[in-house]
Amino acid sequence: MGRVSEDASDLIAADIGAYLKQHETKSLLRFITCGSVDDGKSTLIGRLLYDSKMVFEDQLAALEADSARGGTQGAGLDFSLLVDGLSAEREQGITIDVAYRFFSTDRRKFIVADTPGHEQYTRNMVTGASTADVAILLIDARRGVLTQTRRHSYLASLIGIRSVILAINKMDLVDYSRDVYERILNDYRAFARGLDIAHIEPIPMSALLGENVTRPSTTMPWYEGPDLLTYLEEVEISTRPVEAPFRMPVQWVNRPNSDFRGFSGFVAAGTVQPGDAVKIMPSGRQSHIARVILDGDLPYATAGQSITLTLADEVDCSRGDVISSVEAPAEVSDQFETTIVWMNDTPMLPGRSYLLKLGTKTVTASVTALKHKVNVNTLEQVAARQLNLNEIGLCNISLSEPVVFDAYTTSRDLGGFILIDRFTNETVAAGMIHFALRRAQNIHWQAVDITRAARATQKAQSACVLWFTGLSGSGKSTIANLVEKRLFALGKHSTLLDGDNVRHGLNRDLGFTDTDRVENIRRVGELARLMADAGLIVLVSFISPFRSERRMARDLLPPGEFLEVFVDTPLELAEARDPKGLYKKARRGEIKHFTGISSPYEPPEAPEIHIDTRRTSSEEAADLIMRALEERGVLGGAPG
Amino acid sequence: MPDAGSSGLQAVAGLTHLQRLEAESIHIIREVAAEAEKPVMLYSVGKDSAVMLHLAMKAFAPGKPPFPLLHVNTTWKFRDMIAFRDAQTTALGLELIEWINQDGVARGINPFDHDAYTDIMKTEALKAALDHHGFDVAFGGARRDEEKSRAKERIFSFRSADHRWDPKRQRPELWSLYNTRKNKGESIRVFPLSNWTELDIWQYIARESIPIVPLYFAAMRPTVRANGLTLMVDDERMRIPAGETPELRMIRFRTLGCYPLTGAVESHATTLPEVIQEMLLTKTSERQGRAIDRDTTASMEKKKQEGYF
């Protein structure tokens with residue numbers, strides 16, 4: 001079989017050694033194919049594999065059988081069956097997930113990310129595009145530039161693909177008309193002017209018949225450009241910039257013994273050789289490269305290689321740091337303007353805290369402002385309070401500590417990040433850094449001389465936050481009130497933050513949507529922290545329905561100072577009590593977003609104190625909490 | 001960069017496809033070492049495992065990979081595989097954990113009589129080994145070009161507490177950022193060779209002079225024909241089909257597994273270049289020699305949902 005051209009087959013047969021030598025120097029091009037459901041995307045890839053002889057006889061036999069059984073091409077081969085891998089996809093005749101395909105020619109190896117066309121799979125297209133050099137955008141010649149075409153072009157430009165092949169397909173169905181081709185091309189160019197795509201290469205083709213796919217078409221003499229495969233073999237590969245300043249995020253500190261200390265990582269940009277002066281970011285410490293190692297010593301290494309470096313000095317350097325050139329070290333910041341592509345069913349809420357992974361560093365982050373979202377079909381900017389699945393927004397984000405970065409347009413490796421949900425651990429978003437916000441450098445933490453421990457000691461107690469969570473009407477405020485009376489009687493200094501009361505003042509501007517609930521708790525968490533800093537015992541009585549925000553409030557305090565009190569009253573019981581008549585109103589639909597009725601409550605998984613109000617009276621609950629405070633030394637005076 | 005131009009660095013502007021694949025795999029392996037609690041490398045002794053192991057050695061040179069190797073031994077592997085395995089791990093100074101489903105052995109489970117053989121001695125054994133040792137991340141040598149459902153699997157592929165793969169709930173995998181966080185009980189299979197093809201594997205073996213099991217090279221070996229496959233009579237436990245007598249044939253293997261289930265190809269390729277030459281000129285895909293794939297088109301997808309590696 002020639003999975004290669006006939007010349008190559010001859011060479012393989014005649015001189016395998018020469019063939020291998022020739023093929024060791026092949027380059028690698030990664031591209032994505034996108035287009036809507038019926039544009040013939042799978043057919044095109046099937047055709048590329050088939051024509052480049054990547055289909056084996058046994059696969060071909062299976063394809064023939066499958067085509068006869070479930071194909072859409074009558075008696076002909078249905079190439080799309082070669083690539084639709086999951087059985088759910090085959091049944092529905094659509095592509096659900098990104099699939100990766102491989103083929104090679106005498107000149108290049110290709111990795112194809114085959115990405116689905118439906119709007120609900122925006123996340124898959126972004127996934128596939130994130131590692132691609134080039135995008136092939138399919139257009140059905142009969143239908144021209146469609147909404148999907150615009151969406152895919154926008155996503156491709158957003159993710160930084162600078163070279164788009166406009167594959168105007170199904171030319172056989174429009175009589176190979178040059179007019180049709182040029183009309184579509186003009187439409188597309190007019191639209192694409194608003195995007196950041198450096199090069200557009202239009203190719204008229206018929207994937208089904210193989211015209212202009214792997215061989216020049218004889219039916220379209222008016223077209224003088226290359227066929228698709230020729231173009232793919234010749235297009236410049238936008239690999240990581242070798243000319244750019246050196247960057248290597250430290251992935252792993254290699255210490256096999258006390259004589260060797262190496263820093264392993266993937267070179268994101270530039271080149272490196274022994275003797276180079278480098279800066280370790282974010283610390284800014286300087287050293288020189290002693291050795292560049294793969295399994296033996298290398299004279300130099302370039303962007304795109306995984307290597308190990310040793311330094312001339314014993315400087316502090318660990319995973320998450322970035323070894324950079326001295327002349328142009330990478331920047332450091334903790335606040336950014338970014339574009340975020342939301343990829344999860346649970347919406348992004350500003351203020352909620354997520355994990356952010358950038359390079360080899362993971363920190364916590366939250367969106368401080370959602371400036372607008374982008375309608376991916378019209379590119380219009382739309383005001384929004386949250387981002388839903390497959391929505392894209394311009395967001396300011398704030399990180400728990402500064403990270404080393406480059407703008408995404410400079411470096412995908414140091415400018416692209418993912419967000420991870422702290423409870424489900426799912427990857428919920430992809431983000432791209434535009435620039436650092438200056439504020440980060442201008443607001444400094446003011447050091448003070450009287451510490452929080454000193455303030456608490458003065459009051460003969462240690463500071464803590466008792467965080468009461470539970471449904472409306474569960475008895476939180478009643479119990480909190482009893483506890484505070486006892487603390488007061490013991491001469492302890494406390495304060496009580498009550499959900500209803502705080503909403504009259506500090507949080508008067510917030511409603512009850514998920515977004516506002518997140519902000520409500522964020523503010524109260526910060527407030528509780530300030531009061532704990534003052535040495536107080538802070539009682540917080542808030543429904544606080546979401547785990548994420550309770551976790552955020554917990555993380556604001558030193559370990560052991562946050563005690564979560566779960567006032568556990570089943571919905572039926574709380575509703576039966578209904579002290580404020582709110583459940584009745586909610587059931588009548590007069591209150592929107594009511595926790596337990598029309599808005600979720602996520603019970604704590606491991607509260608420090610769990611009160612089952614079916615078995616425990618309010619007085620008993622207060623006893624329980626006082627004992628817990630006693631045991632933790634909160635009342636004893638000595639700070640913990 | 002001081003004097004980048006004068007040191008001849010411009011000449012290296014483009015990495016070759018093997019260099020890019022190697023760099024990606026090493027990056028993946030190091031990322032697991034940095035973030036996993038207790039990783040392990042599944043070592044099947046085949047050519048893909050050999051490449052994966054070679055990459056792991058490179059990733060941590062001059063040190064050793066900070067994780068052990070795990071070999072799930074069905075007790076029906078080719079003898080040459082076991083000998084090669086032991087010699088390799090000793091030479092490299094690596095820890096090898098061998099896991100045998102002793103219950104299956106006691107029950108006399110064998111590839112001739114039991115349809116559930118692969119499930120019991122391989123799939124179940126692997127799950128038991130991972131659970132027993134508490135490994136949270138396991139490297140596997142699978143490649144996306146092997147089979148259609150593999151083409152859609154992530155490099156970091158999550159398994160539920162009972163080791164099931166849910167193809168509809170895969171995490172998006174962006175750039176080279178891998179999310180290694182998981183919930184209690186969940187584990188991750190990581191495939192550093194995802195983007196390699198069979199040809200890449202062979203070219204890399206040739207370029208790096210990676211040792212592989214001699215069974216990949218043609219030699220005269222005792223064989224019988226059964227169920228359309230040419231099988232090697234590797235020891236006295238082989239059941240000879242009625243009417244067959246073992247015959248010496250010049251054969252080699254494109255993949256290695258349990259000898260009663262692994263079909264040989266007749267071949268005269270006794271050197272690496274000849275093997276590659278044969279591979280390039282051959283007309284069937286490498287999985288054809290494996291009995292496991294041929295039931296239904298979706299069989300691998302189903303098997304993986306059930307926990308097959």
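This report walks through two helices, the cavities, one buried alanine and some unusual backbone spots in a predicted model.

## Ground rules

Because the model is predicted, local features need pLDDT of at least 70 and side-chain atom pairs count only at pLDDT 80 or more, while totals for chains, interfaces and linings use all residues. Residues are numbered from 1 along each chain as its sequence is written, chains are lettered from A and ligands numbered from 1 in the order in which they are written, and side-chain values use heavy atoms, with hydrogens and water left out.

## Helix α9 of chain A

Let's start with α9(A), which covers residues 178-192. Helices here are DSSP runs of H or I with at least four residues, strands are E runs of at least two, and both are numbered from the N terminus. With 15 residues at 1.5 Å a residue, α9(A) should span 21 Å, and its end C-alpha atoms are indeed 21 Å apart. That expected span is 1.5 Å times one less than the number of residues.

Which residues of α9(A) are buried? They are A:Val180, A:Tyr181, A:Ile184, A:Leu185, A:Tyr188, A:Phe191 and A:Ala192. Looking down the axis, these buried residues fall within an arc of 125°, so they line one face of the helix. (Buried means under 20% relative accessible area, exposed over 50%, and partly exposed in between, using a 1.4 Å probe and protein chains only; the arc is that of the directions from the helix axis to the C-beta atoms.) Over on the other side of α9(A), A:Asp179, A:Arg183 and A:Asn186 are exposed. The cover over the buried residues includes β4 (134-140), α8 (147-158), β5 (163-169) and β6 (199-204) of chain A. At the N-terminal end, A:Ser177 acts as a cap, with a side-chain oxygen 3.2 Å from the backbone nitrogen of A:Asp179.

## Helix α2 of chain A

Helix α2(A), residues 16-24, has its own buried set: A:Ile16, A:Tyr19, A:Leu20 and A:His23. They cover an arc of only 95° around the axis, which puts them on the same side of α2(A).

## Empty space inside

How many cavities of 30 Å³ or more turn up in the whole structure? The search finds 8. On a 1 Å grid over the protein atoms alone, a cavity is a set of points where a 1.4 Å probe fits but cannot get out, and lining residues have an atom within 4 Å of a point. Points are joined across faces, edges and corners, and a volume is the space filled by probe spheres set on them.

The largest cavity has a volume of about 150 Å³. It is lined by 13 residues, and the closest to its centre are A:Pro249, A:Gly359, A:Asp413, B:His27 and B:Ser176. The elements giving two or more residues to that lining are α11 (412-415) of chain A and α1 (17-35) of chain B.

## A buried alanine in chain B

B:Ala59 sits in helix α2 (residues 47-60) of chain B and is buried, at 0% relative accessible area. Leaving out residues up to four places away in sequence, B:Ala59 touches A:Ser264, A:Thr308, B:Ile26, B:Ile29 and B:Arg30, where contact means heavy atoms within 4.5 Å.

## Backbone oddities

Most residues other than glycine have a negative phi, and most peptide bonds are trans. A cis peptide bond joins A:Met281 and A:Pro282, with omega about 10°; another joins B:Ala61 and B:Pro62, with omega about 5°.

A:Lys170 has a positive phi, near 65°, and counts as buried at 18% relative accessibility. A:Leu379 also has a positive phi, of about 65°, but is partly exposed at 28%.

How values were computed:
Polar contact = N/O pair within 3.5 Å; in protein donor to acceptor, adjacent residues only side chain to side chain. 1 Å grid on protein atoms, 1.4 Å probe; cavity = no way out; pocket = protein on both sides within 12 Å on 5 of 7 lines; lining within 4 Å.
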